[in-house]
Amino acid sequence: MENNHQEKDVGLYEKLLSRTRELLDSGRKGLDEAVRKAGEEITAAGEYTREQAEKISEYVRRDLEEMEKNARRAGKAIRKAVDPKRVEGNVKSGLARLLRAFADAAARLAERAERQVEYRTGEVTAAGTLACRACGAEMTLKQPGRIPPCPKCYKTRFMRVG
Ligand SMILES: [Zn+2]
């Protein structure tokens, strides 16, 4: 039963993430509104309860914020390293659109920049790289799923590094 429950959470996470991204790509909604609307739509479809949707929505919101923060950091590094004219094209096509979509979250991001957002074992999160807060070991998730304990020290607190 436990496995079914976990798979359902991951499935819900994937649905919420992809729908939230669609809403953000349409450019008319900020992050908070997009996450809320995606949750309402998916709850209305009847497969998931509001309680499940609210819990998983928090993971989706956090992941999108963290990815945005990492993209911005990477953007800065790239801008320093390569020809500005080439970067300009990239910024116009992708990064700038992403930054606009997240404009309403900018204040909160700035506030959070100092204290790293925490990820814990057992939570569902997007594909990417997490670093253990205790020992620094990094682990890469190839697809969305449950966060396992640190493979090196078995502790349970992480931050997103990629
Ligand atoms: Zn560790």
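Helix H2 runs from residue 31 to residue 44, and its 14 residues stretch 20 Å from first C-alpha to last, close to the 20 Å expected at 1.5 Å a residue. The model is a predicted one, and H2 makes a handy place to start looking at it.

Six residues of H2 turn out to be buried: Leu-31, Ala-34, Val-35, Ala-38, Gly-39 and Ile-42. They sit on the same side of the helix, because the arc they cover around the axis is only 130 degrees. The spacing helps to make sense of this: an α-helix has 3.6 residues a turn, so residues three or four places apart point the same way. Over on the other side of H2, Asp-32 and Ala-44 are exposed. Just past the end of the helix comes Gly-46, with a positive phi of about 95 degrees.

Stepping back to the whole chain, there are five helices and six strands. Along the sequence the helices come before the strands, in the pattern α-α-α-α-α-β-β-β-β-β-β. Of the 162 residues, 21% are buried. As for contacts between residues with a separation of 6 or more, 58% of them join residues 24 or more positions apart.

Among the strands, S3 (residues 128-132) and S4 (residues 138-141) pair up in the antiparallel sense, with four bridges between them. Within this pair, Leu-130 is found opposite Met-139 of S4. The two strands form a hairpin with five residues between them, and here Gly-136 takes a positive phi near 85 degrees.

Note on methods
Residues numbered from 1 in each chain as written. Predicted model: local features only at pLDDT ≥ 70, side-chain atom pairs only at ≥ 80, totals over all residues. Pairing = 2+ DSSP bridges. Buried ≥ 20, exposed ≤ 12 C-beta atoms within 10 Å, placed from the backbone. Contact = placed C-beta atoms within 7 Å. Expected span 1.5 Å × (residues − 1). Arc of directions from axis to C-beta.
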